[in-house]
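Please open the model in your viewer and keep the sequence panel beside it. The tour below proceeds by selection, and at each stop it says what to pick and what is found there.

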Amino acid sequence: MTSSHTDCHFCLQSLRGRKYALREENAYCVPCYDSLYANPCEECKQPIECNSKDLAYKGRHWHEGCFRCAKCHRSLVEKPFAAKDEVLLCTECYSDEYSSKCFHCQKTIMPGSRKMEFKGSSWHESCFVCQYCRQPLGTKPLITKDNENYCVPCFEKQFAHHCYACKKVITSGGVIYHDQSWHKECFVCAGCKTQLSGQRFISKDEYPYCVDCFSRFYAKKCAICKKPITALGGAKYISFEERQWHGECFNCAKCFVSLVGQEFLTRQDDILCYECGSAS
């Protein structure tokens, strides 16, 4: 700027016919302005004179020729760059040193590009897709199987078990019965519809029954105590001429000795040990 002011505000020398710089409406000759106000260059530590281009980043300043990548030394003027620990790097050098590698393609995820993170690994947004339909997963719910990611509809279509009762997908838990999968809430007694998950039950014609319903509908009655005979817990029972007894009820009608595994005689509806039957 050619002077229309009379004197330098600092050294008071005439500015007529000389270049000067203004600061807060005061005029300074170039040497005074540079000595008073020029920013020191971060790289060479020399003042950035008023007739030089001053490049600033986060409160620091560089000469245009000093604004370079700290690793490859290429100019960063009007180019994308990244900072690490206050060191400036071009995007290529930064990527080589610090950027994540995509879990899928193993290529560098460049600074400024969108990065997806899942279970401690990183993906390019374009690589983070459903393994089956290849649609981007983004932030949608997903399910992982064998290190591959699937959107929920594709996973259900390919892998999920369907409930034998309601035919809907079983997303967690479930019960396996006769090689079929059931929701816990669908696995109920065929008689009273009580949930059987975690309970004792008995199978009849491929249908599960709670103990009470099975006993009421199907269990044979003991000839002595008249209570249902079930096989729960491996309980033993004796069958003879279309009659059944609990093991603990199969006793001589006279002396009450157990007849399990012993010879016995019958007299009308009674069963007798060999001694009692022979003595009568």
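What follows is a walk through a predicted model, taken stop by stop.

**Aromatic residues**

Begin by displaying the aromatic side chains, for which a search of the whole structure returns 22 aromatic pairs. Select tyrosine 177 and phenylalanine 187, whose rings form a tilted pair, with 5.3 Å from centre to centre and 55 degrees between the planes. This pair links distant parts of the chain, since tyrosine 177 belongs to strand S11 (residues 175–177) while phenylalanine 187 lies in the loop between S12 and S13, 10 residues apart. Tyrosine 177 is buried, with a relative accessible area of 7%, and phenylalanine 187 also counts as buried, at 1% relative accessibility.

Keep phenylalanine 187 selected and add tryptophan 182: the ring centres of these two residues are 5.3 Å apart and their planes stand at 70 degrees, so the pair is edge-to-face. Tryptophan 182, like phenylalanine 187, is buried. If you now extend the selection to Tyr164, Tyr177, Trp182, Phe187 and Phe201, you have one aromatic cluster on the screen.

From Tyr164 in that cluster, turn to lysine 167, whose charged end sits over the ring of tyrosine 164, 4.9 Å from its centre. Another arrangement of this kind can be displayed by selecting arginine 23 and tyrosine 37, where the arginine lies over the face of the tyrosine at 4.0 Å from the ring centre.

**Histidine 183**

Next select histidine 183, which is placed in the loop between strand S12 (180–182) and strand S13 (201–204). Is histidine 183 buried or exposed? Its relative accessibility is 12%, and it therefore counts as buried. Apart from residues up to four places away in sequence, histidine 183 touches Cys163, Cys166, Lys168, Val169 and Ile170.

**Cysteines**

With cysteines now in view, how many disulfides are there? With a disulfide taken as a pair of cysteine sulfur atoms within 2.5 Å, the count comes to zero. Cysteine 29, for example, is in no disulfide, and the nearest cysteine sulfur, that of cysteine 32, is 3.3 Å away. Cysteine 29 is buried, with a relative accessible area of 3%.

Then move to cysteine 151, whose sulfur is 3.4 Å from the closest cysteine sulfur, in cysteine 154, which is too far for a bond. Cysteine 151 is buried as well, with a relative accessible area of 11%.

**Serine 121**

Select serine 121, which is found in strand S8 (residues 121–124). This residue is buried, with a relative accessible area of 18%. If its neighbours within four places in sequence are left aside, serine 121 is in contact with Phe103 and Met116, so both should be shown alongside it when you inspect this site.

**The largest pocket**

Finish by switching to a surface view and going to the largest pocket, which holds about 190 Å³ of space. To display its lining, select Glu42, Glu43, Arg60, Trp62, Cys66, Arg68, Cys69, Ala70, His73, Glu86, Val87 and Leu88. The elements that give two or more residues to this lining are strand S4 (60–63) and strand S6 (87–90), and colouring these strands will help you to place the pocket within the chain.

Notes: Residues numbered from 1 in each chain as written. Predicted model: local features only at pLDDT ≥ 70, side-chain atom pairs only at ≥ 80, totals over all residues. Heavy atoms only, no water. Helix = DSSP H or I, 4+ residues; strand = E, 2+ residues; numbered from the N terminus. Buried < 20%, exposed > 50% of the residue type's maximum accessible area, 1.4 Å probe, protein only. Contact = heavy atoms within 4.5 Å. Phe/Tyr/Trp six-rings, centres within 6.5 Å; stacked < 30°, edge-to-face > 60°. Lys NZ or Arg CZ within 6 Å of the ring centre and 35° of its normal. 1 Å grid on protein atoms, 1.4 Å probe; cavity = no way out; pocket = protein on both sides within 12 Å on 5 of 7 lines; lining within 4 Å. Points joined across faces, edges and corners; volume = space filled by probe spheres on them.
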